[in-house]
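Below is a short note for a colleague who has the coordinates open. The points go from the overall fold to single residues.

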Amino acid sequence: MTEQEIAYEADGVTMRGFLATPAAGARGAGVLIGHEGPGLSDHERTVARRLAALGYAAFVLDYHGGGRRL
């Protein structure tokens with residue numbers, strides 16, 4: 001499994017998402033995961049890892065920017 005933090009821009013704000021992909025390559029499908037109100041946490045990263053273990057690419061997006069929690 002490969003894990004990486006992904007920085008991307010949205011409305012002039014740097015967002016920090018999390019991507020988990022299976023070692024053998026994805027099955028062709030990807031899953032987009034949104035975090036709960038406070039922000040991206042270990043829970044969403046764990047969900048992404050579980051999906052990658054099943055063969056899916058999983059990306060957790062960042063609503064607030066900078067990967068911070070409110």
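1. Terms. Contact here means heavy atoms within 4.5 Å. Axes are lines fitted to C-alpha atoms, for helices over the stretch in contact, and angles run from 0 to 180 degrees between N-to-C directions. The model is predicted.

2. Overall make-up. One helix and four strands form the secondary structure of the chain, and along the sequence they follow the pattern β-β-β-α-β. The radius of gyration is 12 Å, close to the 11 Å given by the globule rule for 70 residues, so the chain is as compact as a globular protein of that length. The C-alpha trace spans about 35 × 20 × 15 Å along its principal axes.

3. Burial and contacts. Of the 70 residues, 36% count as buried. The chain exposes about 4,200 Å², and carbon and sulfur atoms supply 53% of that area. Among contacts with a separation of 6 or more, 66% are between residues 24 or more positions apart.

4. The sheet. Strands of a sheet pair through backbone hydrogen bonds, either parallel or antiparallel. In this model the four strands make an open sheet in the order β1-β2-β4-β3, with mixed pairing. The edge strands are β1 and β3 (30-33), each of which pairs on one side only. From one strand to the next the twist averages 25°.

5. The helix on the sheet. α1 lies across β1, β2, β3 and β4. Its direction is at about 35° to β2.

6. Pairing of β1 with β2. These two strands run antiparallel and are joined by nine bridges. Within this pair, Tyr8 has Met15 in β2 as its bridge partner.

7. The turn at Asp11. Which residue takes a positive phi in the hairpin of β1 and β2? Asp11 does, with a value near 55°, and the hairpin has two residues between its strands. The loop that holds Asp11 runs between β1 (2-10) and β2 (13-21). Asp11 is not a glycine, yet its phi is positive. Asp11 is also exposed, since its relative accessible area is 81% and the cut-off for exposed is over 50%.

8. Pairing of β2 with β4. The sense is again antiparallel, here over three bridges. Ala20 has Ala58 in β4 as its bridge partner, and Phe18 stands opposite Val60 in β4.

9. The nonpolar core. In soluble globular proteins, nonpolar side chains tend to be buried together. The largest nonpolar core in this model has nine residues: Phe18, Ala20, Ile33, Leu40, Ala48, Leu51, Ala52, Ala58 and Val60. β2, α1 (42-53) and β4 (57-60) each supply at least two residues of this core. α1 gives the most, with three residues.

10. Val60. What does Val60 touch, not counting residues up to four places away in sequence? Its contacts are Gly17, Phe18, Ile33, Leu40, Glu44 and Ala48. Val60 is a member of the largest nonpolar core, as are Phe18, Ile33, Leu40 and Ala48. One of these contacts, Phe18, is also the residue that stands opposite Val60 across the strand pair.

Technical notes:
Residues numbered from 1 in each chain as written. Predicted model: local features only at pLDDT ≥ 70, side-chain atom pairs only at ≥ 80, totals over all residues. Heavy atoms only, no water. Buried < 20%, exposed > 50% of the residue type's maximum accessible area, 1.4 Å probe, protein only. Core = buried A, V, L, I, M, F, W, Y, C linked by side-chain atoms within 4.5 Å. Pairing = 2+ DSSP bridges. Rg over C-alpha atoms; globule rule 2.2 N^0.38 Å. Areas by Shrake-Rupley, 256 points an atom, 1.4 Å probe, with all protein chains shown as cover.
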